[in-house]
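Colleague: I should like a close look at one part of this model, namely its salt bridges and their surroundings. Please take the structure below as the starting point.

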Amino acid sequence: MKKWFTPEEANAILPIIRQEVEALQNIKNQFERMYADLRHLKQTAPVTDENRSDPFFSLECELEFLQIEAQTIANSITHKGAELKDIELGLVDFPSVMNGEEVLLCWKQGEEKISYYHGPEDGFAGRKPLEEDGP
């Protein structure tokens, strides 16, 4: 069942969402570095005989763990009713109703509070400022 947020409700959970987005960004950056290292190692590593252990196993396990950790955080955001739109930009939408129409309250990392909304089809480019009294 979809959760509907008022601007006040969305702003109330924003500190937690902000932490989760930052954690996802850190995991994404760490994953990208480790994945690049793994690719480099695989390209430059000498061919080993079958009796030796897999030299890439540990790094592959760490990458898998990072994926699981990221999915857990993304699921946490979703379970709160918010919609993670872009990890890198830190975009999160919160479903709301304004004048009887479904809209998305829109937050971008770096913004102090939720001050914008857009229609479900408009996306970030269609953001409009919230009126002070909100939807």
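Is Glu-102 buried, partly exposed or exposed, and what is its relative accessibility? Please then set this residue in the context of its partner and of the other salt bridges.

Modeller: The model is a predicted one. Glu-102 has a relative accessibility of 33% and therefore counts as partly exposed, since that class lies between the limits of 20% for buried and 50% for exposed.

The partner of Glu-102 is Lys-2: their side chains meet in a salt bridge, with 2.7 Å from N to O. Because Lys-2 belongs to the segment before helix 1 (7–44) and Glu-102 to strand 3 (residues 101–108), this pair ties together parts that lie 100 residues apart in sequence. Lys-2 also counts as partly exposed, at 39% relative accessibility. As a general point, side chains of opposite charge can pair when their charged atoms come close.

The strand that carries Glu-102 leads to the sheet. Five strands form an open sheet in the order 1-2-3-4-5, with antiparallel pairing. Its edges are strand 1 (83–86) and strand 5 (128–129), each of which pairs on one side only. Strand 1 is joined to strand 2 (residues 91–98) by three bridges in the antiparallel sense, and Asp-86 stands opposite Leu-91 of strand 2.

The structure holds eight salt bridges in total. One of them brings together the side chains of Glu-88 and Lys-28, at 3.0 Å from N to O. Glu-88 sits in the loop between strand 1 and strand 2, whereas Lys-28 is in helix 1, so this contact links parts 60 residues apart in sequence. Glu-88 is exposed, at 59% relative accessibility, while Lys-28 is partly exposed, at 25%.

A further salt bridge is formed by the side chains of Glu-60 and Lys-42, at 2.8 Å from N to O. Here Glu-60 comes from helix 2 (residues 57–79) and Lys-42 from helix 1, so the pair ties together parts 18 residues apart in sequence. Both ends are partly exposed: Glu-60 has a relative accessible area of 29%, and Lys-42 has a relative accessibility of 43%. Salt bridges that share partners also join Lys-28, Glu-32 and Glu-88 into one network.

To return to the residue in question, Glu-102 is a partly exposed residue of strand 3 that is tied to the segment before helix 1 through its salt bridge with Lys-2.

Methods
Residues are numbered from 1 along each chain as its sequence is written. This is a predicted model: local features need pLDDT of at least 70, side-chain atom pairs count only at pLDDT 80 or more; totals for chains, interfaces and linings use all residues. Side-chain values use heavy atoms; hydrogens and water are left out. Two strands pair if DSSP finds at least two bridges between them. Helices (H or I, at least four residues) and strands (E, at least two) are DSSP runs, numbered from the N terminus. A salt bridge is a side-chain nitrogen of Lys or Arg within 4 Å of a carboxyl oxygen of Asp or Glu. Buried means under 20% relative accessible area, exposed over 50%, partly exposed in between (1.4 Å probe, protein chains only).
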